[in-house]
Amino acid sequence: MLVVTTEKIEGYKIVEVKGPAFGLIVRSRGLGGDIMASLKGLVGGEIKQYTAMLEDSRKEAMDRMIKNANQMGANAIVMMRYDSGEIGKNMSEIVAYGTAVVVEKL
């Protein structure tokens, strides 16, 4: 599956637009992570537990988006983006989205 953030893919032409594809994941920070983040907040620095959680969440959201596009019969995704938000005090939402398309080599 080709996934790009651009409108077009160099060397390919879009022959069919399947529609929007997305992958969504919601993760909760654990109590231990919240305690460590609070301590880090006092002294400053990167909160590695949260960084790892968000990296994993982005990968999972992208995998789910690709699965969604495959189910639609697409072989590429253009205009791919991420968005994120907070749900409650300790949950993060990550969504990967783009336009599922069928492309052919030129």
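Start with the whole chain: of the 106 residues in the protein, 28% are buried. The model is predicted. Colour it by pLDDT. The average is 87, and 82% of the residues score at least 70.

**Overall layout**

Switch to a cartoon. There are two helices and four strands. Read from the N terminus, the order is β-β-α-α-β-β. Now consider the contacts between residues at least 6 apart in sequence: 76% of them join residues at least 24 apart.

**Where to be careful**

Select residues 31-43. This is helix 1, and its mean pLDDT of 56 is the lowest among the elements. Where pLDDT is low, the predicted coordinates should not be read in detail. For the other extreme, select residues 2-3. That is strand 1, with the highest mean, 97.

**Helix 2**

Select residues 48-71, which form helix 2. Put a distance between its end C-alpha atoms: they are 35 Å apart. The helix has 24 residues, and at 1.5 Å a residue it should span 34 Å, so the two values agree.

Show the buried side of the inventory next. The buried residues of helix 2 are Tyr50, Met53, Ser57, Ala61, Met65, Ile66, Asn68 and Ala69. Then step past the end of the helix to Gly73, which follows helix 2 and has a positive phi, near 90°.

**The main core**

Show side chains for Ala21, Ile25, Ala61, Met65, Ile66, Ala69, Ala74, Ile77, Met80, Ile94, Ala96 and Ala100. These twelve residues make up the largest nonpolar core. Strand 2 (12-28), helix 2 (48-71), strand 3 (76-87) and strand 4 (91-105) each give two or more residues to this core. Helix 2 supplies the largest share, four residues.

Centre on Met65. Beyond its neighbours within four places in sequence, Met65 contacts Val3, Ala21, Phe22, Gly23, Ile77, Met80, Ala96, Tyr97 and Gly98.

A second core of five residues is separate from the first; among its members are Ile9, Ala76, Val78 and Val103.

**Gly19**

Move to Gly19, in strand 2. Gly19 has a relative accessible area of 12%, under the 20% cut-off, so this residue is buried. Leaving out residues up to four places away in sequence, Gly19 touches Met72, Gly98, Thr99 and Ala100. Add a distance to Ile77: the two lie 58 residues apart along the chain, yet their C-alpha atoms are separated by 9.6 Å.

**Strand 3: Met79 and Asp83**

Select Met79, which lies in strand 3. Check its backbone: phi is near 55°, a positive value in a residue other than glycine. Met79 has 30% relative accessibility and so counts as partly exposed.

Go along to Asp83, also placed in strand 3. At 45% relative accessibility, Asp83 is partly exposed. Not counting residues up to four places away in sequence, Asp83 touches Glu93, Ile94, Val95 and Tyr97. The C-alpha atoms of Asp83 and Ile94 are 5.9 Å apart, with their positions eleven residues apart in sequence.

**Rings**

Finish with the aromatic side chains. How many aromatic pairs are there? The count is zero. What lies over the face of Tyr82? Select Arg58: it sits over that face, at 4.3 Å from the ring centre.

Conventions:
Residues are numbered from 1 along each chain as its sequence is written. This is a predicted model: local features need pLDDT of at least 70, side-chain atom pairs count only at pLDDT 80 or more; totals for chains, interfaces and linings use all residues. Side-chain values use heavy atoms; hydrogens and water are left out. pLDDT is the predictor's confidence in each residue, from 0 to 100. Rings of Phe, Tyr and Trp (its six-membered ring) pair if their centres lie within 6.5 Å; planes under 30 degrees apart count as stacked, over 60 as edge-to-face and the rest as tilted. A charge sits over a ring if NZ of Lys or CZ of Arg is within 6 Å of the ring centre and within 35 degrees of the ring normal. A nonpolar core is a set of buried Ala, Val, Leu, Ile, Met, Phe, Trp, Tyr and Cys residues joined through side-chain atoms within 4.5 Å. Buried means under 20% relative accessible area, exposed over 50%, partly exposed in between (1.4 Å probe, protein chains only). Contact means heavy atoms within 4.5 Å. The expected span of a helix is 1.5 Å times one less than its number of residues.
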